[in-house]
Amino acid sequence: MKFIIQRDRLVQSVQDVMKAVPSRTTIPILTGIKIVANEEGVALTGSDSDISIESFIPAQQDDTEIVEIIQPGAIVLQAKFFSEIVKKLPTDLVEIRVENHLQTVIRSGNSEFNLNGLDAEEYPHLPQIEENNIFKIPTDLLKAMVRQTVFAVSTSETRPILTGVNWKVEDGELICIATDSHRLALRKARIETIAEDSYNVVIPGKSLNELSKILDDQNEPVEIVITENQVLFKAENLLFFSRLLEGNYPDTSRLIPTDSKTEVVVQTKEFLQAIDRASLLAREGRNNVVKFSIIENNVVEISSNTPEIGKVVEEVQSSSIEGEDLKISFSAKFMMDALKTLEGTDINISFTGAMRPFIIKPLNDDSILQLILPVRTY
């Protein structure tokens, strides 16, 4: 194998596939990056058997030569060393060639590295996926939907299914739901799909986080293929496979209250900053709880009291308050996480009593919803 490649493109692809390379693994070859060169270009693959990422660098793009393939072939190189070497090479062109016994030479300018490679035949194959059911979603929308839900997945392995995000496709709509049983995030959007397609799968939160980091901010659609136990995201020159979580995701529709006793409209940024300040004294001790109470003249009071440190009280003007008076306590962190994902200047918070979950959503927008369980403080 021998080829000459633009360093920038190589660095970018290596960084992408590194997101799937495990630091520790029972299968030693997975600590490497597989490199395959053929007439079309160079494909790099990284995998930890849960996530697999393949990044393809075409030989030519827009009439510019990116890779000159001199001799096709394949090799697996230790990811840790290869990624560090590539980043620090001195010139814009890199020559990679494999000599006898998998000895790999990496040359750039006046610097030359020799790395011991591994046999590419021993690298596990990527999942074979039949692409008969594909739906598309613009990249920026996909990234937004991940950002607005994935933070609410559970980090505890006691219920593994909750460490993933539930993706449901029905009637041309994608619904993403995440919950750790103390809060819930829901986001839905219309997508391009074949009318009768419907899915209900759970994608690990970790996979979605990594996917979101790799995707460029662009409007190109990402193609998504779902099978029994794998999901494949196809973007330009990128394949991202993830296994699906096994088991049934709990029916969360029962958790979401349909009626409300108190409705409060506040400005998102102002409310977020007030909660942030109130949480400054609430960080110690009991998982940073703040109190929210309605006082007269459309004013809400945010307060927190930690006896050994001190207390903070802040008033926030609301543009409208309807229904019963209310005092409720909740986790400041959960509230801040939820508020950061909401787009729009004003939000509507619907309460159904001091001990029932409450809903936060942007005014006049039903595509996104955040739900938080209150905390008992008395």
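Tutor: A cavity is a set of grid points where a 1.4 Å probe fits but cannot get out, and with that in mind we can look at this model, which is predicted.

Student: What is the volume of the largest cavity, and how many cavities of 30 Å³ or more does the structure hold?

Tutor: The structure holds 1 cavity of 30 Å³ or more, and the largest cavity has a volume of about 30 Å³.

Student: Which residues line the largest cavity, and which elements give two or more residues to that lining?

Tutor: A lining residue has an atom within 4 Å of a point of the cavity, and for the largest cavity these residues are Phe151, Ala152, Arg183, Leu184, Ala185, Phe334, Ala338, Gln370, Leu371 and Ile372. Two or more residues of the lining come from each of strand E15 (183-190), helix H6 (332-341) and strand E28 (368-372).

Student: How does the lining divide into nonpolar, polar and charged residues?

Tutor: The lining has 8 nonpolar residues, 1 polar and 1 charged. Arg counts as charged, and Arg183 is among the lining residues; Gln is not in the nonpolar or charged lists and therefore counts as polar, and Gln370 is in the lining as well.

Student: What makes the side chains of strand E1 alternate?

Tutor: Along strand E1 (residues 2-6), Phe3 and Ile5 point to one face and are buried, whereas Lys2, Ile4 and Gln6 point to the other face and are not buried. Buried means under 20% relative accessible area, so Phe3 and Ile5 fall under that cut-off while Lys2, Ile4 and Gln6 do not.

Student: How do you know that E1 pairs with strand E9 and with strand E7?

Tutor: Two strands pair if there are at least two bridges between them. E1 is joined to strand E9 (residues 93-98) by 5 bridges and to strand E7 (residues 67-71) by 4 bridges, so both cases meet the cut-off of at least two. Each of these two pairings is antiparallel; Lys2 has Arg97 as its bridge partner in E9, while Ile5 stands opposite Val67 in E7.

Student: Why are E8 and E12 called edge strands?

Tutor: The open sheet of 8 strands has the order E8-E2-E3-E4-E19-E18-E17-E12, with antiparallel pairing, and strand E8 (73-78) and strand E12 (134-138) are its edge strands, each pairing on one side only. From one strand to the next the twist averages 20°.

Student: What makes strand E3 and strand E4 a pair?

Tutor: Strand E3 (residues 41-47) and strand E4 (residues 51-58) share 7 bridges in the antiparallel sense, and because a pair needs at least two, they qualify. Leu44 has Ser55 as its bridge partner in E4.

Conventions. Residues numbered from 1 in each chain as written. Predicted model: local features only at pLDDT ≥ 70, side-chain atom pairs only at ≥ 80, totals over all residues. Heavy atoms only, no water. 1 Å grid on protein atoms, 1.4 Å probe; cavity = no way out; pocket = protein on both sides within 12 Å on 5 of 7 lines; lining within 4 Å. Points joined across faces, edges and corners; volume = space filled by probe spheres on them. Buried < 20%, exposed > 50% of the residue type's maximum accessible area, 1.4 Å probe, protein only. Axes fitted to C-alpha atoms, helices over the stretch in contact; angles between N-to-C directions.
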